[in-house]
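Please take a moment with the sequence and the structure shown here before reading on. The paragraphs after it lead through a few chosen places, one after another.

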Amino acid sequence: MSDTKATCEKCGVSILQMTADRNAGLCQPCSEGRKVNRKRSRVEVKPGRRLDRMCIPIEKYAETQNHVDYFYCSSVWDKDPRFESRSIMIGENRGLLRITKEDGQIQVLYPMFEDDDGRVLERAIHVLSKHWKAGEYPAKTMFASG
């Protein structure tokens with residue numbers, strides 16, 4: 001396989017010779033008639049990775065006579081490399097909590113990755129505390145804001 005380079009005849013970007021041969025001297029976007037912003041590369045995009053703190057699903061994982069374990073989740077968003085002003089959901093982070101039925105104490109069994117300020121945890125605890133006060137241990141619940 002050859003690593004010989006060529007230049008796109010339309011936009012001037014460096015491409016593989018194999019691509020130039022296949023597309024009559026054009027890069028793939030130019031051969032398809034697409035406009036590509038060549039002023040910045042994906043590497044130059046500053047990361048904006050963040051957790052969604054507005055919608056936190058909470059789901060029962062296990063229940064015993066003494067306690068209930070809950071997963072709490074948050075979507076992970078980052079800058080969309082295709083559009084300057086948009087973000088894209090790239091995954092989900094989860095944590096695990098245990099609520100004691102007797103006294104309502106909530107213990108973090110597994111902290112949520114990237115929730116350094118504890119805001120997602122705080123909101124999940126708030127929701128579970130309200131359910132405990134009402135004597136409920138729902139299969140699913142959530143924190144929703146906005």
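What follows begins with a residue in a strand and then turns to two residues in loops.

The model is a predicted one, and a convenient place to enter it is Ile58, which belongs to strand β4, the stretch covering residues 55-63. Ile58 has a relative accessibility of 2%, and because buried means under 20% relative accessible area, Ile58 counts as buried. When its neighbours within four places in sequence are left aside, the residues in contact with Ile58 include Tyr70, Phe71 and Tyr72, together with Ala124, Val127 and Leu128, and also Ala139, Lys140, Thr141 and Met142. A further residue to look for is Leu96, which stands 38 residues from Ile58 in sequence, while the C-alpha atoms of Ile58 and Leu96 are 9.5 Å apart in space.

The backbone of the two loop residues deserves a careful look, and a general remark helps in reading it. Most residues other than glycine have a negative phi. Ala24, which is not a glycine, nevertheless has a positive phi near 55 degrees; Ala24 sits in the loop that runs between α1 (17-22) and α2 (28-31). With a relative accessible area of 63%, Ala24 is exposed, because the term applies over 50%.

Glu114 also has a positive phi, of about 75 degrees, although Glu114 is not a glycine. The loop that holds Glu114 lies between β7 (106-110) and α3 (119-133), and the relative accessible area of Glu114 is 24%, so Glu114 is described as partly exposed.

Key: Residues are numbered from 1 along each chain as its sequence is written. This is a predicted model: local features need pLDDT of at least 70, side-chain atom pairs count only at pLDDT 80 or more; totals for chains, interfaces and linings use all residues. Side-chain values use heavy atoms; hydrogens and water are left out. Helices (H or I, at least four residues) and strands (E, at least two) are DSSP runs, numbered from the N terminus. Buried means under 20% relative accessible area, exposed over 50%, partly exposed in between (1.4 Å probe, protein chains only). Contact means heavy atoms within 4.5 Å.
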